[in-house]
Amino acid sequence: DELFNRLIHQKWDKFARSLYLRITFMPFIFLMVCQSVVVAIRGNEVDRTWKDGVAKLGYNGVDPVSPEDRNNIRSCYAQECYADVSSVDGKWAAASFTLELVTMVWGVVFMCYKAWKLKRFSRRDLSPGKNKERNFEFLLDVLFFNLSSVLSTITALFFVLTLICRLMVWEDFEMAFLASSTISMWMLFLVFLMPFKAIGVVVIT
């Protein structure tokens, strides 16, 4: 209906766009930037830790690192970095941990809030004016209309798992979950671009 579409566009131009930018898009972009910084810093930190630890163990580069040596590298790093917070390595480790902790906690809260606000599970939301059966087509409608909510929930879960792995000093799993959260956030970024007419058409196609 042309009149209905015109009313929607007028509503979007007058106040909905600015509201969407303030409440959803800009906070998400800021979270995305913080998460990218965490990935870069933490990735460099883990890489440097393993290189220093392997060098101290006299690793020859041929034989695989044993589980015992892997645990020794982790424990040595934790002792060196967190024993003396006034040292350069200690300050760097403390700053890295603080940034990751704040980003992950804030990310979980923000993503869970957006997942709850963006959910659309009622039959009226999914199929207005229709009485669909709960078949495969209905499930596809549920996934399509709740794509942003599902991605927000998945991202929040990755943030929680990342933080747990950081606290448990499981670098391998931590980096895997950080990478997974980066992928889910980029997917969510594309979804959040869809309301913008000029960019949304490109994203959809």
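**Figure 1. Ala-115 sits in helix α3.** This is a predicted model, in which local features need pLDDT of at least 70, side-chain atom pairs count only at pLDDT 80 or more, and totals for chains, interfaces and linings use all residues. Residues are numbered from 1 along each chain as its sequence is written, and side-chain values use heavy atoms, with hydrogens and water left out. Helices are DSSP runs (H or I, at least four residues), as strands are (E, at least two), numbered from the N terminus. Is Ala-115 buried or exposed? Ala-115 is buried, at a relative accessible area of 7%. Buried means under 20% relative accessible area, exposed over 50%, and partly exposed in between (1.4 Å probe, protein chains only). Beyond the residues within four places in sequence, Ala-115 is in contact (heavy atoms within 4.5 Å) with Ser-149, Ser-152 and Thr-153. Asn-146 is 31 residues from Ala-115 in sequence, and their C-alpha atoms are 8.7 Å apart.

**Figure 2. Thr-162 is placed in helix α6.** This helix spans residues 147-167. Thr-162 counts as buried because its relative accessibility is 0%. Which residues does Thr-162 contact, leaving aside neighbours within four places in sequence? They are Glu-100, Met-104, Glu-174, Phe-177 and Leu-178.

**Figure 3. Phe-189 lies in helix α7.** Its relative accessible area is 17%, so Phe-189 is buried. Not counting residues up to four places away in sequence, Phe-189 touches three residues of the chain in Phe-25, Phe-28 and Ile-29, together with Met-32. The C-alpha atoms of Phe-189 and Ser-148 are 9.3 Å apart, and the two residues are 41 positions apart in sequence.

**Figure 4. Met-187 also belongs to helix α7.** Met-187 counts as partly exposed, because its relative accessibility is 42%. Ser-152 is 35 residues away from Met-187 along the sequence. From C-alpha to C-alpha, Met-187 and Ser-152 are 9.9 Å apart.

**Figure 5. Phe-196 occupies the loop between α7 and α8.** The flanking helices cover residues 171-193 (α7) and 197-204 (α8). Phe-196 is buried, since its relative accessible area is 16%. Where does Arg-17 stand relative to Phe-196? The two residues are 179 positions apart along the chain, with 8.4 Å between their C-alpha atoms.

**Figure 6. Seven listed side chains belong to the cavity view, beginning with Val-38.** The structure holds one cavity of 30 Å³ or more. A cavity is a set of points on a 1 Å grid over the protein atoms alone where a 1.4 Å probe fits but cannot get out; lining residues have an atom within 4 Å of a point. The largest cavity has a volume of about 30 Å³, the space filled by probe spheres set on points joined across faces, edges and corners. Its lining consists of Val-38, Ile-41, Arg-42, Ser-96, Leu-99, Glu-100 and Arg-166. Helices α1 (2-57) and α3 (88-118) are the elements that give two or more residues to this lining. Glu-100 from the lining is also a contact of Thr-162.

**Figure 7. Cys-112 and Cys-165 are shown for their accessibility.** Are these cysteines buried or partly exposed? Cys-112 counts as partly exposed because its relative accessibility is 44%. Cys-165 has 4% relative accessibility, so this residue counts as buried. The count comes to zero disulfides (a disulfide is a pair of cysteine sulfur atoms within 2.5 Å).

**Figure 8. The protein has eight helices and zero strands.** From the N terminus on, its elements run α-α-α-α-α-α-α-α. Of the 205 residues, 33% are buried. Among contacts with a separation of 6 or more, 72% join residues 24 or more positions apart. The exposed area of the protein is about 13000 Å² (Shrake-Rupley method, 1.4 Å probe), and carbon and sulfur atoms supply 68% of it.

Note on methods
On a 1 Å grid over the protein atoms alone, a cavity is a set of points where a 1.4 Å probe fits but cannot get out, and a pocket is an open set with protein on both sides within 12 Å along at least five of seven lines; lining residues have an atom within 4 Å of a point.
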